[in-house]
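Subject: Structure for you to look over

Dear colleague,

I am handing over the structure below, and I would be glad if you could read the notes beneath it with the coordinates open beside you.

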Amino acid sequence: MEGIKIGGGVDMINTKDLDPNFKYEVVKEHGGTNIMRCFACGTCTAGCPVRAIDDRYNPRKIIRMVLLGMKERVLKSDFIWLCSTCYTCYDRCPQDVRLSDIMTALKNIAVREGYIHPSFKEQAKLVGTFGRLYEVEDFDNKKRGKMGLPPVKKTFDDVTKIIKDTKLGEMIK
Ligand code: SF4
Ligand code: SF4
């Protein structure tokens, strides 16, 4: 079969591009164990706060795509990075699929395969450089001094060391 229609004919997938082992890869990943319990009820999508502001985000569909073997499309997609890990779907899922953890598992696989969303790459670079998500300048510490607050360190070396030692630094170059 050349193509399969999903989502009411909106998406076309080519069976040649499918990886039937992708779902097993996700099952083996920490947090991904329960993915095959999903029976596509849509409770996760209905309660998702990200979905409420952007209807292109559809957690149920992401699970379907994984189960179908659409590895490249899932790992390259922006959508896996939109999950805010709020755990609403985790609490409400009747099948204990633990979707929030599956989204984390997908992000971890994506990073290993070299797909890191640019915004997260920039954030990780900042943490790798300063040990926090923003740079503290002299100006900030002067302002703190005027308010009677002690200065904050410009760099947290223990955090930057962790990034270096775990090789995350290599991945975010
Ligand atoms: S709520 Fe659970 S079972 Fe229902 S579609 Fe979402 S992950 Fe699947
Ligand atoms: S954990 Fe992610 S997918 Fe689940 S409801 Fe929250 S934002 Fe949506």
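A nonpolar patch, as the term is used here, joins Val, Leu, Ile, Met, Phe, Trp or Tyr side chains that lie within 5 Å, taken from residues with over 30% relative accessible area and no salt bridge. Please keep in mind throughout that this is a predicted model. By that definition L126, L133 and Y134 make up a nonpolar patch on the surface, and their accessible area together comes to about 300 Å². L133 sits in the loop between α8 and α9 (138-146), and with a relative accessible area of 48% it is partly exposed, so it passes the 30% cut-off that a patch requires.

The helix before that loop, α8, covers residues 118-130, and its 13 residues reach 18 Å from the first C-alpha to the last, which is close to the 18 Å expected at 1.5 Å a residue. After α8 comes G131, with a positive phi near 80°.

On the wider layout, the domain assignment of the chain gives domain 1 as 3-112 and domain 2 as 118-171, and the centres of domain 1 and domain 2, taken over C-alpha atoms, are separated by 33 Å.

Helix α7 (residues 99-112) has 14 residues and spans 20 Å between its first and last C-alpha, again close to its expected value, which is 20 Å at 1.5 Å a residue. Its buried residues are L99, S100, I102, M103, A105, L106, K107, I109 and A110, and what covers the buried residues of α7 includes α1 (22-28), α2 (43-47), α4 (59-68), α5 (71-76) and α6 (88-92). V111 also belongs to helix α7; leaving aside neighbours within four places in sequence, V111 is in contact with W81, I116 and M171. The C-alpha atoms of V111 and T88, which are 23 residues apart along the chain, are separated by 24 Å. Just after α7, G114 has a positive phi of about 90°.

Turning to charged pairs, a search of the whole structure finds 10 salt bridges, and three of these pairs may be worth your attention, beginning with the side chains of E113 and K71, which meet in a salt bridge at 3.6 Å, N to O. Because E113 lies in the loop between α7 and α8 while K71 lies in helix α5, this pair ties together parts that are 42 residues apart in sequence. E113 is partly exposed, with a relative accessible area of 40%, whereas K71, at 16% relative accessibility, counts as buried. E25 enters the picture as well, since E25, K71 and E113 are linked in a network of salt bridges.

In another pair, R98 forms a salt bridge with D96, with the closest N and O atoms 3.1 Å apart; R98 counts as partly exposed at 33% relative accessibility, and D96 counts as partly exposed at 27%.

The remaining pair is that of D165 with K161, a salt bridge in which the closest N and O atoms are 2.6 Å apart. Both residues are in helix α10 (residues 157-165), and because they are 4 residues apart there, about one helical turn separates them. D165 counts as exposed, at 51% relative accessibility.

With best wishes

Key
Residues numbered from 1 in each chain as written. Chains lettered and ligands numbered in written order. Predicted model: local features only at pLDDT ≥ 70, side-chain atom pairs only at ≥ 80, totals over all residues. Heavy atoms only, no water. Helix = DSSP H or I, 4+ residues; strand = E, 2+ residues; numbered from the N terminus. Expected span 1.5 Å × (residues − 1). Patch = residues over 30% accessible without salt bridge, like charges linked within 9 Å, V, L, I, M, F, W, Y side chains within 5 Å. Areas by Shrake-Rupley, 256 points an atom, 1.4 Å probe, with all protein chains shown as cover. Salt bridge = Lys/Arg side-chain N within 4 Å of Asp/Glu carboxyl O. Buried < 20%, exposed > 50% of the residue type's maximum accessible area, 1.4 Å probe, protein only. Contact = heavy atoms within 4.5 Å. Domains from an automatic or database assignment.
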